Structures are given as structure tokens and as C-alpha cells.
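Hi,

Here is the structure I promised to pass on. Have a look at it first, and my notes follow underneath.

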Amino acid sequence: MELVVQNNVSLAPYTTLGVGGPADYFVVVHTVKELEAALQFAKQTAVPPLVLGGGSNVVLSDAGYRGLVIINHITGRQYKEAGGDVLFSCGAGEVLDDAIADTVARTYWGLENLSAIPGSVGATPIQNVGAYGVEVADVVQSVSAIHQETLEVKTFTPAECVFGYRDSYFKTLAGQKWVITSVDFLLHTVARPKLAYADLQHLDHAEITQAKIREAVIAVRAGKFPDWHTVGTVGSFFKNPVITKEAFQLLQSKYPNLPGHETPAGVKIPLGWVLDKVCGLKGHTDGVVGLFEQQALVLVAKPGATAAQIIAFAHAVIEKVKIETNLSVEREATVYDEVGRSAS
């Protein structure tokens, strides 16, 4: 199939925030061969490629993108059982929640806690997507990718992915050169429920199933997150800060009810609590941009919002938290300007 490259295509419909100007070049790929052809086109025309999946964790510039935007729709699902283990190989362009629903229908354990998260499978290792006590790092067996410039094909082990909290090798300058084509997840046929998260502890351990966990997670998310099909959002827009135990104790002396969760990297602070109880920003809006009334960690954008307004609002929130608590907050969403990833 001949590669169909379009010109001046608006990017707003390809993001869950609904913002983004026109891309100079635009193409949708459905196979690895088409992806290779798209990357060759970028090389031959000397334009930078930008690969998008579901567009659920990005803010794209109002000015658009001065390069080639590649929409990754590479699909395919394969399962291989060996003893109690199941190797689930999934195309990067698969819709994440559809893939999870399939594993649950097959009664395989491992991904059910990540139900109802927007986006594509290929984005999950980049962000080390996590929710309700499970991170992608817990279940990834390998990640297949192709290099944007050399077209080298490589399979990354979990160690080579260098997973961290909402982080991975694929977020580094070198890692950004790799385009993920498929992800292998290690699932299980034997029950391995993860119910430590507070919102799941009411479930009956004796009668637990993947379907019941998925149903519970979907219900919890429905109460905390807006429907990305109808509201401009990327889900959690900010990362939860991780600080030292000493810094946490100092902050807790000022705010006695401040919750914290100990991790190997330090104490994770639930930023939503800080935004609500300390900063009073839960449900706060500024024109067409605001924080969701049910979960302050979630930024929402009404129709007509621009990327510039979203970024300015996020900066104001981050500054408010810094003034009130001295906590340094980072965006979870990735911001792109006209030529690539932006640090601002």
C-alpha cells in the first residue's frame, strides 16, 4: 500500500485535550512497513517526525508542527500460554482499554487495574502508566521499537526501559529517537489480584475475579475523572511529588492531615489533596481552562481552549503549590512546540 502523506492537517482532533494547530505533513500508519516508509519520508524531506498514539498525554502547540506527524495505528494481539504464564504481544496502536478488556475476557491476570485509562498500548511504557497499585513496569516483558533515524529494530528488556515513576528510558533524549511498535506483557492464569489500593479494598478477596476488579476500577475512575470523549482532558495533568522522609515530616508538621505514601524513592505526596486542601484549587477555573471538580489533579479544557491557555494555567497552578508548600511539581503531560518536545 502506497503511503498517503497529507499536508496542513489540524492536530486538535487527534488529542484528548482537543488542541493543536496544523501539521506540515501528516500520515497514519497501520503496519511496521508503513512506519518505516514514513520515517524514510521524514529523512528524505529533512523534517522532524512526531509520533502520536491516542494523543491522551500531550499538549500540542497552537502553531501546529513543522514536521511529519505520524499517527501510530499498528495493531495485532497474540497470546502464548506456558504453564501459568501468558505472553501477550500487542501492537502499539491498539487502544489500551480495548486490549485490557480482551485480557480480562480471557481471564488473564495482570492488566485489570489499568482499566479505563485513555490512550494506546505503545504509550504505556513511555509513561510507565500506573493506577490503583499497578504500573506497566510490573507486567512488561519487552518493548519492540524502531529507531527514527537509522531504522534499526530493537527489543528492549525491562531493565533497558529504565522504568521510574511516570518515567522511562523512552523519555530521555536518546530514548525519544525510538518509536514503539509493540509491547509484550507477562500475564498469568493463576489469580494475582492487586487490591492494596484504598478504593479496591472493599472487594471480596475470596470471590475476586479480573472482571470484578475491572468493574470496580471503571466505577472509581468514572467518579474521579471526566469522560475524555466529551471533555478536553489528559487525565492527571501533574505528577505527584516525591520528597524525602525528612521533608515530608516537616511539611506534615504544618499540615497534620497531609497523607503520604512511602516508596523506594521517597514519600509520594498526593498532589490532588494539596491542590484541594492547601491551595483551594479543586474545581477552580480561569476562563475555558480549570481543574476538575471531582479531582484537582485533572486539568480540563472547554471547547475553544488553546494550548497557550492550558500551559499558562498549569504554570499558575505549579507556582501556587510552590508558594504554599515549597513542593516542586512537574507536568505529567508532555508539551510540544512547533518543532518538538518543549521543556517550558
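**Helix α7 and its surroundings**

Let's start with helix α7, which covers residues 271–278: its buried residues are Leu-271, Gly-272, Val-274, Leu-275 and Val-278. Bear in mind as you read that this is a predicted model.

What do the buried residues of α7 pack against? They pack against β18 (289–291) and α8 (307–325). Once you get just past the end of α7, check the backbone at Gly-280, where phi is positive, at about 65°.

**The chain as a whole**

Zooming out, the protein chain holds 21 strands alongside 8 helices. Its C-alpha atoms fit a box of roughly 60 × 55 × 35 Å along the principal axes. The radius of gyration is 20 Å, and because a compact globule of 344 residues would come out near 20 Å, the chain agrees with that expectation.

On burial, 50% of the 344 residues count as buried. As for contacts, take the ones between residues at least 6 apart in sequence: 62% of these join residues at least 24 apart.

**Surface and charge**

If you're thinking about the outside, the accessible surface of the protein chain is about 15600 Å², and carbon and sulfur atoms account for 53% of that. How many charged side chains of each sign are there? The chain has 35 negative and 27 positive ones, and the centres of the two sets are 3 Å apart.

That's what I have for now.

Cheers

Definitions and conventions: Residues are numbered from 1 along each chain as its sequence is written. This is a predicted model: local features need pLDDT of at least 70, side-chain atom pairs count only at pLDDT 80 or more; totals for chains, interfaces and linings use all residues. Side-chain values use heavy atoms; hydrogens and water are left out. Helices (H or I, at least four residues) and strands (E, at least two) are DSSP runs, numbered from the N terminus. The radius of gyration is taken over C-alpha atoms; the globule rule is 2.2 Å times the number of residues to the power 0.38. Buried means under 20% relative accessible area, exposed over 50%, partly exposed in between (1.4 Å probe, protein chains only). Contact means heavy atoms within 4.5 Å. Accessible areas come from the Shrake-Rupley method with a 1.4 Å probe; for residues, only the protein chains shown count as cover. Lys and Arg count as positive and Asp and Glu as negative; His and the chain ends are not counted. The place of a charge is taken as NZ of Lys, CZ of Arg, CG of Asp or CD of Glu.
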